[in-house]
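Please walk me through this structure, from its core out to its loops. I am new to it and would like short, plain steps.

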Amino acid sequence: MAAMNNPNISYHIITLTIPKEADGKSLEHYLKYSCGYSRRMLTRLKARPENVLRNGIHINLPEIVSVGDTIQLSVEEITYTIPGQAGTVPIIYEDDDILIYNKPYDMPIHPSRNHQQDTLANVFTADMKARGLSIPFRVLNRLDRDTSGLCLCAKNAVAANRLSVQQQDGTLQKLYTAILNGKLPCQSGIIEAPIARKDDFYIDRVVRADGQYAKTAFRVLMHTNEYTVVNVNLYTGRTHQIRVHFSAIGYPLAGDTLYGSKNTIQTVQNHHALCCTGLSFIHPTSMKRLDFSAPIRPDMAKLVAVVPNSFQKEQIWNKF
């Protein structure tokens, strides 16, 4: 990892009004079951009870609250300094709690030894610094360097916590569009095959009996003479899961030099043909479901002779 300076500590203030359905219950119960706070977040609040107020007076989480009570939480934010690097990554949506980028290919998410200035984290840091803000980079869906598409970032600890819970229970859904070498013989299907690290010293993954459980659902959007375009929904989130699963059944992603058969590789600007084209989740503050979609990359569209937004109308979650 790239070297980071000592952390800066600030506080994110959250104000809540106790609703009728939480009357007579403990504040802890309300935060956990109505607001979706995780055990980890509640532990953080318990560790600093002075940061929890009810109507301006300190309160402990196990205490009973009443309808109309005003709760103020001061949530600690720890920011490690990452060098900011101005970039032109499109922002699809932003509010006080979340930000969604449309990440290009050939951009890592986090800094590493070989990528210290050219990551999405660097771009986010520069974006926030330009606004006079010091906000830690928290990304919910970590795309591979050469996978493009929608990246959801949380702008405060509470939003990150609530979205992380959704990611664990499946409420936060991610939809991918991929181009495969060859013509799949079926219109939809599910791949269930365990994935393991091929070698302890390399990033390669392989389908193997001793691996972690992995499940991938797909639906065909179109065929050409050489390719199949599919929408993909992941039930699990293993490293390289989509790439490994389709390679294992004999239909590697176009341009995937790591998992593709040498005699079927086609160049997609030397990057595998995979985009995160859909996100669906419950907003961490408004609690309303939000759906976002993005077009496939122009080089992918060119490969199958369509326009980039050809498949956006196909972002229908309930077809999986």
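Leu-152 is a good place to start in this predicted model. Setting aside residues up to four places away in sequence, Leu-152 touches Ile-98, Leu-99, Ile-100, Arg-138, Val-139, Leu-140, Asn-141, Leu-163, Leu-172, Leu-279 and Phe-281. Leu-152 belongs to the largest nonpolar core, which has 45 residues. Within that core, Leu-152 is one of the residues that touch the most other members, along with Tyr-101, Val-230, Phe-246 and Phe-281. Another core lies apart from this one. That other core has 21 residues, including Leu-31, Leu-45, Ile-59 and Val-65.

Now turn to strand S9, residues 173–181. S9 is mostly covered, with eight of its nine residues buried. What does S9 pair with? One partner is strand S15, residues 274–282. The two run antiparallel and are joined by six bridges. In this pairing, Gln-173 stands opposite Ser-280. Another partner is strand S14, residues 227–234. Seven bridges link S9 and S14, again in the antiparallel sense. Here Tyr-176 faces Val-232.

Stay with S14 for a moment, since Thr-228 has its place there. Is Thr-228 buried or exposed? Its relative accessibility is 0%, so Thr-228 counts as buried. Leaving aside neighbours within four places in sequence, Thr-228 is in contact with Ala-178, Ile-179, Leu-180, Gly-182, Lys-183, Leu-184, Val-220, Met-222 and His-223. With Leu-184 there is a specific polar approach: a polar atom of the Thr-228 side chain lies 3.0 Å from the backbone nitrogen of Leu-184.

Another threonine, Thr-147, sits in a loop. That loop lies between strand S7 (138–139) and strand S8 (148–154). Buried means under 20% relative accessible area. Thr-147 has 2%, so this loop residue is buried. What does Thr-147 contact beyond its neighbours within four places in sequence? The contacts are Lys-103, Pro-104, His-272 and Leu-274. With His-272, the link is a polar contact between the two side chains, at 2.8 Å. Tyr-105 is 42 residues from Thr-147 in sequence. In space, their C-alpha atoms are 5.4 Å apart.

Next come the charged pairs. How many salt bridges does a search of the whole structure find? There are ten. Take Glu-94 and Arg-131, whose side chains meet in one of them, at 2.4 Å from N to O. Glu-94 lies in strand S5 (residues 91–94), and Arg-131 lies in the loop between helix H3 (120–130) and S7, so the pair ties together parts that are 37 residues apart in sequence. Glu-94 is partly exposed at 27% relative accessibility. Arg-131 is also partly exposed, at 40%.

A further salt bridge joins Asp-106 and Arg-145, with the closest N and O atoms 3.6 Å apart. This pair links distant parts of the chain. Asp-106 is in the loop between strand S6 (98–103) and H3. Arg-145 is in the loop between S7 and S8, 39 residues away. Asp-106 has a relative accessible area of 41% and is partly exposed. Arg-145, at 37%, is partly exposed too. Salt bridges can also share partners: Glu-94, Arg-131 and Lys-155 are joined in this way into one network.

Glu-63 and Arg-54 form a salt bridge as well. Their closest N and O atoms are 3.8 Å apart. Glu-63 is partly exposed, with a relative accessible area of 31%. Arg-54 is partly exposed at 23%.

Finally, look at the backbone. Most residues other than glycine have a negative phi. Which way does phi go at Asn-55, positive or negative? Asn-55 is not a glycine, yet its phi is positive, about 50°. Asn-55 is found in the loop between strand S2 (52–54) and strand S3 (57–58). With a relative accessible area of 45%, Asn-55 is partly exposed. His-240 also has a positive phi, about 60°, although it is not a glycine. His-240 is in the loop between S14 and helix H5 (241–248). At 8% relative accessibility, His-240 counts as buried.

Note on methods
Residues are numbered from 1 along each chain as its sequence is written. This is a predicted model: local features need pLDDT of at least 70, side-chain atom pairs count only at pLDDT 80 or more; totals for chains, interfaces and linings use all residues. Side-chain values use heavy atoms; hydrogens and water are left out. A nonpolar core is a set of buried Ala, Val, Leu, Ile, Met, Phe, Trp, Tyr and Cys residues joined through side-chain atoms within 4.5 Å. Buried means under 20% relative accessible area, exposed over 50%, partly exposed in between (1.4 Å probe, protein chains only). Contact means heavy atoms within 4.5 Å. Helices (H or I, at least four residues) and strands (E, at least two) are DSSP runs, numbered from the N terminus. Two strands pair if DSSP finds at least two bridges between them. A polar contact is a pair of N or O atoms within 3.5 Å; within protein, one must be able to donate a hydrogen and the other to accept it, and residues adjacent in sequence count only if both atoms are side-chain atoms. A salt bridge is a side-chain nitrogen of Lys or Arg within 4 Å of a carboxyl oxygen of Asp or Glu.
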